[in-house]
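Me: Got a model here that I'd like to talk through. Can you start with how a couple of the helices pass each other?

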Amino acid sequence: MKLLTLNFLTCARKACKQEPAAFPLHPRDAELERVEMELNPEFLVNVLPRLEWKAVRSLGDELGLPTLPEQPPNPEDLMEKDGSNEPTQTLKDLHALLVETSVANGKLVCGHCGHEYAVKEGIANFLLPSHLV
Amino acid sequence: MSRPEDLLPPDLFYNDVESRKYTTNSRIKNIQASMTNRALELLDLRSPSLILDLGCGSGLSGEILSEVEPEEGGPHTWIGMDISASMLGQALDRDVDGDLMLADIGQGVPFRPGSFDAAISISAIQWLCNAESSDVTPEGRLKRFFDGLYASLRRGGRAVCQFYPKNKLQRNMISAAAVKAGFGAGILEDDPGTKSEKLYLVLTVGGGDLGREEAATSRDITGVVNGMTDVDIQDARRKKDQRSRMDKSRVKGSKGWIIRKKDQMEKQGKVVKANSKYTGRKRKIAF
């Protein structure tokens, strides 16, 4: 489960649908993994405005990653300005954090109802018993 | 031919043996690839996007999404949901690029609003028409699914779902559920009437800030297939408009209703006053 995906996932329970605390899910006993992926600058530029930066920061803190700046990076800062169209260090860091880092094993806990979703081999289990749906 | 949907629920049907069969069979792979390419064509994505794959299985279609050439707007990043753990196991073995989740799409789509640029689903949503236990209904599952999908797509986003309905009833049930959730929906048929008939449910989410010509085409679902060859548009909406206009004469007490009733009476041989401009007119308020 990539950190990028965690920035979009919410609790699946019906009772948590309207609750602000149901997002983001909090990792517990998380085992991190780094998988090399090809850098896709255009994708990151596309997805950046949709990220909840606050959630990215709090997730980083909870996982013990280096603290991130308070403000999200500017889309203009992602490409070198000298016209070479090369990705900047900011973009590379963002890629390493969101796309290459993933939760391999552990749990995701909802901040509202406390439901635990297990993650095994990078796959989160979001199946719910029918009384919780 | 028997339909797997009639035999077992999907999480049990796609066990280790069935999943391996599905993933390694070259015929299935080819069909799946051509359907995914067709769906991509309908999505018409121009830049690398975040895509939700519903019922991703072993990632056969996801693989194609990650391999789209940069000239064609790729490669895309995808997140897959599937209910069969064995299928996801196959995907793990094959080392796909997308993120995987074990989830039942009939229980909803657990993402925050506006997350995805597009969604794709190949041969999956007909499974929603089966209720496996007495506490769920197909209608309820379809509603949860389409409501969740509608919310998780960004404004102006699109979803293409290829599906195999068992009969006309299922087909209508699925498209009606999509429309009810708020989607602009249309069904595209490939090779109708043949054995290899394929149905694609094309869904659009209306939105304000699209700009350019895109807004004009995506507001109307028929715009999705504009410029494509071999596509006939059957638009049932005009007919529906006519029907609703006719319905006006059914409102009791309206002018149309009075005239219809007078006609009926006349046909029965009763004495009826002739119609005039005063027929069915509202009276002035006296004071």
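Reply: Sure: helix 7 of chain B passes helix 8 of chain B in a right-handed crossing, meaning the near helix is turned clockwise from the far one by less than a right angle. Helices here are DSSP runs of H or I, at least four residues, and strands are E runs of at least two, numbered from the N terminus. This is a predicted model, where local features need pLDDT of at least 70, side-chain atom pairs count only at pLDDT 80 or more, and totals for chains, interfaces and linings use all residues. Residues are numbered from 1 along each chain as its sequence is written, chains are lettered from A and ligands numbered from 1 in the order written, and side-chain values use heavy atoms, leaving out hydrogens and water.

Me: Which residues of helix 7 and helix 8 of chain B make the contact?

Reply: Helix 7 of chain B brings Pro138(B), Glu139(B), Leu142(B), Phe146(B), Asp147(B) and Tyr150(B). Helix 8 of chain B brings Met173(B), Ile174(B), Ala177(B), Ala178(B) and Ala181(B). Contact means heavy atoms within 4.5 Å.

Me: OK, now the sheet. How many strands, and is it open or closed?

Reply: Eleven strands, open, in the order 1(A)-2(A)-3(A)-4(A)-3(B)-2(B)-1(B)-4(B)-5(B)-7(B)-6(B), with mixed pairing. Two strands pair if DSSP finds at least two bridges between them.

Me: Which are the edge strands?

Reply: Strand 1 (26-34) of chain A and strand 6 (184-190) of chain B, each pairing on one side only.

Me: And in what sense do strands 2 and 3 of chain A pair?

Reply: Antiparallel, over four bridges, between residues 101-109 and 116-120 of chain A. Gly106(A) has Val119(A) as its bridge partner in strand 3 of chain A.
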